[in-house]
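The following note sets out points for a colleague who has the coordinates open. It moves from one helix to the core around it, and then to other parts of the chain.

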Amino acid sequence: MLWITRFSAFFSAAMAVIILSPSLQSFPPAAAIRSSHPDRSLISSFRKSPAYRNSDECLSSAADSNVCNPSLVHVAITLDVVYLRGSIAAVNSILQHSLCPENVFFHFIVSETNLESLVRSTFQELKFKVYYFAPETVRGLISSSVRQALEQPLNYARNYLAELLEDCVNRVIYLDSDLIVVDDIAKLWKTGLGPRIIGAPEYCHANFTKYFTGGFWSEERFSGTFRGRSPCYFNTGVMVIDLKRWRGGGYTRRIEKWMEIQRTERIYELGSLPPFLLVFAGHVAPIPHRWNQHGLGGDNVRGSCRDLHPGPVSLLHWSGSGKPWLRLDSKRPCPLDALWTPYDLYRHSH
């Protein structure tokens, strides 16, 4: 396939950048946004993306930028200062590998201002809308986690997409900010969910019990929720969501109820993942694993750089504590971080 050839070329080129260039600088976008002129600093921190155009076989009706246009592919991604560089790279990768990039509509969820002008400057013809997610929505529901990064309110915005997005948007692809797509996103969009609310790559070989405490498993009133189900782990960083069914079934409230229980009973240690597992595990439409090659954020300090899982690759996901832009800037990259570099639009990284 053509993208495999390009993928190999990107790997070789990116490895050359890491090996030959000593000038990769550490200048995180967070530093720019906290300056006295956040708008100007942020906009100047990113290069403009190339203009991506539809091929001749794409539907011409995609010229209609109305969010309710049925020809559009809807993608939701959060934007915040910590992961901003990753989000921009993710968008760039989606556009670059799309047969019909002008058909993709991005829904950016934010908890701070001054980011819309950055997106508009970087992707000048992008179809998108920015939605404000108030941290107060979940602040009283979040419990402490094994990593402070998992406690950020914006991590929980995916629970509220059905309320945030327009009612005419009946399906959305939710993506984390620490990934790149190396295949046509329309293929993922067309995934059949059957009667299910969400679709995601499942990993049934994983030890499912480790995602909950001993107290959870010893209490029938908690563990009984999985009775009659065959629950498997799935990563919530890549999901296809049927928003129409979600709204009809009140799934946001179902997740919130488990978060309320967690506040008093401490039934899990991780952040936003376990409530999703409690509600959906065993009721997920399986998506091929190629759409979430996750776990690439293994901690480089401990020497746990990860290899790709066997099989084809459509999406690479740096889930975990190590992010490629941070490791590249610190000049301590993992080998696979080179695959992220070609999509990075941050000026000070080249």
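Which residues of α13 are buried? The points below begin with that question and treat the model throughout as a predicted one.

1. **Helix α13.** The buried residues of α13 are L273, P274, P275, F276, L277, L278, V279 and F280. Because 8 of its 8 residues are buried, α13 is largely enclosed by the rest of the structure. The cover over these buried residues includes the strands β6 (198–200), β8 (233–234) and β9 (238–242). It also includes the helices α9 (214–218), α11 (243–249) and α12 (251–265). Just after α13, G282 adopts a positive phi of about 90°.

2. **The largest nonpolar core.** This core holds 50 residues, and those with the most contacts inside it are L161, I198, F212, F234, I241, W246 and F280. Helix α13 (residues 273–280) makes the greatest contribution to it, with 6 residues. Apart from this core lies another, of 39 residues, including F46, V104, F123 and W291. In soluble globular proteins, nonpolar side chains tend to be buried together.

3. **F234 and its contacts.** Leaving aside residues up to four places away in sequence, F234 touches L273, F276, L277 and F280, and also A281 and V284. With the same exclusion, its other contacts are I198, A200, P201, E202 and M239. F234 is also listed among the residues with the most contacts inside the largest core.

4. **Y174 in strand β4.** Y174 belongs to strand β4 (residues 171–175). Is Y174 buried or exposed? Its relative accessible area is 2%, so Y174 counts as buried. Beyond residues up to four places away in sequence, Y174 touches A76, T78, R158, L161, T236, G237, V238, M239 and I241. Two of these, L161 and I241, are named among the residues with the most contacts inside the largest core. Y174 and A76 are separated by 98 residues in sequence, yet their C-alpha atoms are 4.8 Å apart in space.

5. **T78 in strand β1.** T78 has its place in strand β1 (residues 73–79). With a relative accessible area of 9%, T78 is buried. Its contacts, not counting residues up to four places away in sequence, are S87, I109, L154, A157, Y174 and S177. T78 thus appears in contact with Y174 of the previous point and with S87 of the next.

6. **S87 and helix α4.** S87 is found in helix α4 (residues 84–97). The relative accessible area of S87 is 0%, and the residue is therefore buried. Apart from residues up to four places away in sequence, S87 touches I77, T78, L79 and S177. The helix as a whole has 14 residues and reaches 20 Å from its first C-alpha to its last, close to the 20 Å expected at 1.5 Å a residue. Since 13 of the 14 residues of α4 are buried, this helix is largely enclosed by the rest of the structure.

7. **Internal space.** How many cavities of 30 Å³ or more does a search of the whole structure find? The search finds 1. The largest cavity contains about 40 Å³ of space. Its lining consists of L141, I142, S143, Y156, M259, Q262, Y268, L270 and G271.

8. **Positive phi outside glycine.** Two residues merit inspection of the backbone. R266, in the loop between α12 and α13, has a phi near 50°, a positive value in a residue other than glycine. At 28% relative accessibility, R266 counts as partly exposed. K331, in the segment after α14 (324–329), has a positive phi of about 60° although it is not a glycine. Its relative accessibility is 49%, so K331 too counts as partly exposed.

9. **The protein as a whole.** The protein contains 14 helices and 11 strands. Of its 350 residues, 55% count as buried. Among contacts between residues at least 6 apart in sequence, 75% join residues at least 24 apart. The accessible surface comes to about 15,200 Å², and 53% of it belongs to carbon and sulfur atoms.

Terms used
Residues numbered from 1 in each chain as written. Predicted model: local features only at pLDDT ≥ 70, side-chain atom pairs only at ≥ 80, totals over all residues. Heavy atoms only, no water. Core = buried A, V, L, I, M, F, W, Y, C linked by side-chain atoms within 4.5 Å. Buried < 20%, exposed > 50% of the residue type's maximum accessible area, 1.4 Å probe, protein only. Helix = DSSP H or I, 4+ residues; strand = E, 2+ residues; numbered from the N terminus. Contact = heavy atoms within 4.5 Å. Areas by Shrake-Rupley, 256 points an atom, 1.4 Å probe, with all protein chains shown as cover. Expected span 1.5 Å × (residues − 1). 1 Å grid on protein atoms, 1.4 Å probe; cavity = no way out; pocket = protein on both sides within 12 Å on 5 of 7 lines; lining within 4 Å. Points joined across faces, edges and corners; volume = space filled by probe spheres on them.
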